[in-house]
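Work through the exercises below with the structure open. Try each task before you read its solution.

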Amino acid sequence: MKKKINKLSVFCITAIVGCLICSCNPEDDPITPTPVDPTPEPSQTHIYVAGIENPYGDCGPAVCWQDGVMQTLDAGFYAMAKAVCVKGNDIIYGGKDEENHPVIWKNGVKQVLATGNGCVNDLKVVNNKVYAAGELDGQAAYWVDGVVTLLPTDPDALGYTFVGEAIFVNGNDVYVAGNTMAYLDARGAYLWKNSNIQRLSDKVSKACDVCVNNNNVYVVGSESYTEGNIQKAVMWTNGTIQDVQVTTNNGLSSEASSIAIVNGQPYVVATGWVGTAYQGAYKGFVWQNGVTSNLNCSNPQDVFVYNGDVYVVGFDKSDWGNKPMLLKNNSKIALTPSTEGVAFAVYVK
C-alpha cells in the first residue's frame, strides 16, 4: 500500500534544497569575507644614463642606457647625449644632434631647441618645468621649457666662447656654472645667478657642476696651481675656494666633476693622476668633508643620490679607448652591449 505524500511536505523539501543550492555561491553568501588586497610590491628602481658610443669621448653616436640596456638616440657622428632627467612618465635626454643643434629627446623624440650651433649639457626638472643649460652660438645659455635665455659674457674675455655646464634651481633663483673656452679647453670658471655673472677665479680654471643646499652655493671644478697651468680639484662655497685633495699633493693634475649632498655634506667625485709625470694613470675618487676614498671608475662624470644609494657614471680609459661605467655604491652595474664610449650623466627614479 503506497503512502501518500503531503503536498506541503514536498513544497518544504523543495524550498530547503533551493536554499542550500543558493548558499553554495560565495558571491551571494553574506557571511563570506571580502578578500583583502595584498601589500603592493615596492616600485622598481630605474636607472637612466646619457652618453656616447665612441672610444674617444668627443663625438657620437648619441646613446642612452635604460636599466643597463643601450639605445641609440642619434646615430650621427657629431651627436652626443650629455644630460638626462625625468618628468612624470617622460624620460628626457639632452645634448646635440648630427647638425650640432642643441636638442632634447623626450621619450626618444627629438626636439631642436635652436637652429644655431650648441649643446645641452645639463637638465633639471623643478616645479614641473624642464631647465636645460648649455651653449648657443658661442654664448652660455639656459632654456626653460624650450624658451632660451642667453647669459652675459665677461668683457675681459672678449673673443672666447662661453659654455653653460650645469644648472640648479633654488626657489626663484637660477644658477648656471660654466666656463670660457679656447680650442675646447676651459680657461675660466664662472657662475651666473639669475643672469648676473661672477668670475670664480683669476687663474686658469674650470667649473663643472653647481648645487645649492641650506643657502650654500657649491661649485666644483679645477684651478691651475703651477706655471704650466696644471689643474687641481677645487670647490667654491659661496665664492670661497678650497682644495679638494684627492691625491697626495693633488698629484700632477686633478679635477672635481660633479657634486651631490649626502648626509648634509657635499659629496664630490673627482679624477686625479696617480704616479709620476712619465708613468701613472688617472684614478677616480670621492671626496666628502675632507675624507677621500677610491672609486671603481677612473674618470667619474656625474653623481646622483636616490633613496640613500649613490650612483656614479663615467668611463675607464684603456689602450683601446674609453669604456662607459655605471656604479651603485661603488659596485659596477653592467651596461650592455659591452661597448666603447662614455657615460656623461645619470638619473635614478
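Helices (H or I, at least four residues) and strands (E, at least two) are DSSP runs, numbered from the N terminus. This is a predicted model: local features need pLDDT of at least 70, side-chain atom pairs count only at pLDDT 80 or more, and totals for chains, interfaces and linings use all residues. Residues are numbered from 1 along each chain as its sequence is written, and side-chain values use heavy atoms, with hydrogens and water left out.

**Exercise 1.** Place Leu-252 and find its surface patch.

Solution.
- Step 1: Locate the residue. Leu-252 sits in the loop between strand E19 (240-243) and strand E20 (254-262).
- Step 2: Classify it. Buried means under 20% relative accessible area, exposed over 50%, partly exposed in between (1.4 Å probe, protein chains only). Leu-252 has 31% relative accessibility, so it counts as partly exposed.
- Step 3: Find its partners. Tyr-225, Ile-230 and Leu-252 make a nonpolar surface patch of about 210 Å². Patches are made of residues with over 30% relative accessible area and no salt bridge (a side-chain nitrogen of Lys or Arg within 4 Å of a carboxyl oxygen of Asp or Glu). Like charges are joined within 9 Å, nonpolar side chains (Val, Leu, Ile, Met, Phe, Trp, Tyr) within 5 Å. Accessible areas come from the Shrake-Rupley method with a 1.4 Å probe; for residues, only the protein chains shown count as cover.

**Exercise 2.** Describe the surroundings of Leu-123.

Solution.
- Step 1: Leu-123 belongs to strand E8 (residues 118-126).
- Step 2: Its relative accessible area is 4%, so Leu-123 is buried.
- Step 3: Look for contacts (heavy atoms within 4.5 Å). Beyond residues up to four places away in sequence, Leu-123 touches several residues, including Cys-85, Ile-104 and Val-130.
- Step 4: Tyr-93 is 30 residues from Leu-123 along the chain, yet their C-alpha atoms are separated by 7.9 Å.

**Exercise 3.** Is Ile-47 buried or exposed?

Solution.
- Step 1: Ile-47 is in strand E1 (residues 47-52).
- Step 2: Its relative accessibility is 12%, so Ile-47 counts as buried.
- Step 3: Ile-47 and Asp-67 are 20 residues apart in sequence, but 5.0 Å apart C-alpha to C-alpha.
- Step 4: Asp-67 is also one of the contacts of Ile-47, and Tyr-311 and Val-348 are among the others.

**Exercise 4.** How many disulfides are found?

Solution.
- Step 1: A disulfide is a covalent bond between the sulfur atoms of two cysteines. The cut-off is a pair of cysteine sulfur atoms within 2.5 Å.
- Step 2: A search of the whole structure gives 0 disulfides.
- Step 3: Check two cysteines. Cys-85 is buried at 1% relative accessibility, and Cys-208 is buried at 14%.
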